[in-house]
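Got the viewer open? Let's take a walk through this structure, one selection at a time.

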Amino acid sequence: MNTVLLAVVVVLALVLLISLLIMLSRTRLTDRLLAVQLLGTLGVAILLMLAVVMQQRAFLDTALVLVLLAVVVTAVFTHRQRGGKS
Amino acid sequence: MILDALSVLLLLLGLFFFVSGLLGLWRFPDTFARLHALTKADNLGLGLVMTGLLFQVPDVLWAIKFILVWLLALVASAVNAHLIAVFLHRQQEGHDESA
Amino acid sequence: MNLLDGLWGVLDLLLVAVLLLLAMAAVLSSDRRRSMMLFIVFGLVLALVWARLHAPDIALAEAAIGAGLGGALLMATLRRDTHQQTDQFPQHPVVLWGVGVLVMVLGTAIAWGLFSVLPTVEQTWRKGAAVDAQLAFSGVSHPVTAVLLNFRAWDTLLELAVLLAAIFGIRALGYVRSAYVTEVAFSQLAVWLVPLLILMAGYVLWAGAHSPGGAFQAGALLAGAGILLRLAGYSHAGLPTTRWLVRLGLVAGTGVFLLVGLGLLGWGQGFLHYPIAYAKWWILLIEMLATVSIGMTLTLAFMGGIPQKEAA
């Protein structure tokens with residue numbers, strides 16, 4: 001079973017690589033933000049898979065932290081400042 | 001054995017949604033449409049992968065934590081999508097020229 | 001070849017390719033905001049790589065600080081900076097070439113250093129065994145926490161002192177000037193997420209005694225809560241409005257660490273040599289206060305100065 005799970009992880013990593021290439025090919029900031037979002041979700045999925053494959057419960061905590069702080073990062077990127085630009 | 005097969009089925013479905021999110025990001029014509037495609041990958045892709053893994057976990061605590069990760073990811077993804085949509089809307093209306 | 005080993009090999013290659021691509025793109029990008037985004041994704045992928053290398057402690061720290069807080073702090077810095085400068089890096093050829101040569105020299109030195117360290121890797125494994133042997137006397141059951149707060153407590157104390165020095169510098173910049181435009185929908189959601197972040201911080205701190213976790217990760221999560229509050233329109237970002245309370249919070253971690261160390265020295269134990277029976281409680285006390293200090297420091301660093309009494 002572990003071999004199957006690991007194969008899925010490899011495919012997810014491949015999707016990660018391709019979405020990174022798409023991100024690099026985009027010029028607009030919002031498109032890049034979207035790509036970052038997809039990369040983040042892929043990262044969480046890979047961590048969850050690795051947690052099972054490697055029998056490391058601590059990776060679940062890492063996934064939780066990633067999910068929670070992802071909102072903070074997006075919020076900081078998209079919020080406007082009063083009076084100033086962006 | 002049946003559980004393993006179920007796991008594989010769900011994981012493959014999850015992969016399908018991740019790949020479709022990728023395709024959406026690549027091919028969809030405008031950013032709002034891409035946002036729509038991405039939220040599918042976020043919610044369903046991760047959800048299905050998580051459910052597939054649920055049949056492989058050693059004990060109940062793991063399962064609880066898996067579900068917790070997914071629930072939080074749902075909330076986070078909703079907030080993120082909202083923030084990006086508002087940001088994009090603002091840009092398109094021309095209030096903000098900085099990006 | 002075994003299929004499983006082959007798959008691990010493919011995964012490693014993919015992760016390294018992504019990491020290198022990200023690093024190159026982040027450095028070569030001419031726009032600072034793009035560099036920052038790439039840096040955040042770099043943190044994320046680095047966390048995956050640490051996980052793959054069986055280092056869950058560093059993976060957690062990288063996820064909290066590299067992928068999470070680092071990006072927020074960089075963005076806050078850029079916002080402060082854009083009033084004077086453009087988004088472009090300096091492109092003078094002499095500077096670029098000079099930096100390039102310097103990086104190559106340093107890179108060669110690091111590669112040589114790593115190469116010469118390789119034969120001693122086995123000895124490092126033995127040191128790991130030594131830590132395991134002493135674990136029972138450290139007061140905690142997780143080897144990384146035992147090293148950070150007992151065997152090598154010095155290093156952690158100095159790291160906290162570095163943070164304290166940094167916040168002195170930031171406070172010297174003056175009062176917080178700008179405020180954020182608040183949105184109702186976001187503020188409603190932030191109210192949901194802030195308690196979760198605080199809860200998670202408490203859990204990560206407590207988990208540090210027996211599994212990966214600890215003060216820096218927990219502090220980063222607290223700071224995440226502070227930043228969300230700030231963006232949701234709370235001008236003090238959840239920090240106390242009384243000035244001396246803020247100052248006390250900032251120095252609490254370093255201060256108590258130092259006092260415990262000196263107290264034990266006076267007791268005849270040696271600097272930061274906890275008596276075995278109470279080691280757990282001393283470590284817990286220090287970690288709790290360090291978490292508060294780190295959280296407040298990072299939040300104030302995001303705000304970029306001293307919060308005003310009556311902020312706009």
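**Stop one: where chain A meets chain C**

Select chain A and chain C together, and look for the polar contacts between them: there are three residue pairs in polar contact, counting pairs with both residues at pLDDT 80 or more. That pLDDT cut-off is there for a reason you should know from the start: this is a predicted model.

Now colour the side of chain A that touches chain C by helix. You'll find α1 (2-25), α2 (29-54) and α3 of chain A in there, each supplying at least two residues. Which helix gives the most to this side of chain A? That's α3(A), with 15 residues. Switch to colouring by residue type, and this side of chain A splits into 34 nonpolar, eleven polar and six charged residues.

Next, show every residue in the contact, on both sides. You should have 51 residues from chain A and 56 residues from chain C. About 5200 Å² is buried between these two chains, with carbon and sulfur atoms giving 81% of that area. How many salt bridges does the rule find across the interface of chain A and chain C? The answer is zero.

**Stop two: chain C by itself**

Hide everything except chain C. What will you count here, in helices and in strands? Chain C has eleven helices and zero strands. Follow the chain along its sequence and the pattern reads α-α-α-α-α-α-α-α-α-α-α. If you'd like a sense of scale, the C-alpha atoms of chain C fill a box of roughly 55 × 55 × 40 Å, taken along the principal axes.

**Stop three: where chain B meets chain C**

Bring chain B back and keep chain C on screen. The contact here takes ten residues from chain B and eight residues from chain C. The area buried between chain B and chain C is about 760 Å², and carbon and sulfur atoms give 69% of it. On the chain B side of this contact, expect six nonpolar, two polar and two charged residues. Looking for polar contacts between chain B and chain C turns up one residue pair, with both residues at pLDDT 80 or more. As for salt bridges across this interface, the rule finds zero.

**Stop four: two helices side by side**

Now select helix α3 (residues 58-78) of chain A and helix α3 (residues 60-92) of chain B. Their axes come within 9 Å and cross at roughly 10 degrees. Because angles under 35 degrees count as roughly parallel, α3(A) is roughly parallel to α3(B). Light up the residues of this contact and you get 20 nonpolar, three polar and three charged.

While you're on helix α3 of chain B, click on B:A85, which lies in it. Setting aside neighbours within four places in sequence, which residues is B:A85 in contact with? They are B:F32 and B:L35. Try the distance tool on B:A85 and B:H36 too: C-alpha to C-alpha they are 10.0 Å apart in space, although 49 residues separate them in sequence.

**Last stop: a salt bridge**

Side chains of opposite charge can pair when their charged atoms come close. A search of the whole structure finds three salt bridges over all chains. For one of them, zoom in on A:D31 and B:R34, where the closest N and O atoms are 2.6 Å apart. A:D31 sits in helix α2 of chain A and B:R34 in helix α2 (residues 31-54) of chain B, so this pair joins two chains.

Definitions and conventions:
Residues are numbered from 1 along each chain as its sequence is written. Chains are lettered from A and ligands numbered from 1 in the order in which they are written. This is a predicted model: local features need pLDDT of at least 70, side-chain atom pairs count only at pLDDT 80 or more; totals for chains, interfaces and linings use all residues. Side-chain values use heavy atoms; hydrogens and water are left out. Contact means heavy atoms within 4.5 Å. Buried area is the accessible area (1.4 Å probe) that two parts lose on being put together, summed over both. A salt bridge is a side-chain nitrogen of Lys or Arg within 4 Å of a carboxyl oxygen of Asp or Glu. A polar contact is a pair of N or O atoms within 3.5 Å; within protein, one must be able to donate a hydrogen and the other to accept it, and residues adjacent in sequence count only if both atoms are side-chain atoms. Ala, Val, Leu, Ile, Met, Phe, Trp, Tyr, Cys and Pro count as nonpolar, Asp, Glu, Lys and Arg as charged, and the others, Gly among them, as polar. Axes are lines fitted to C-alpha atoms, for helices over the stretch in contact, and angles run from 0 to 180 degrees between N-to-C directions. Helices (H or I, at least four residues) and strands (E, at least two) are DSSP runs, numbered from the N terminus. Angles under 35 degrees count as roughly parallel, over 145 as roughly antiparallel, 65 to 115 as roughly perpendicular and the rest as oblique.
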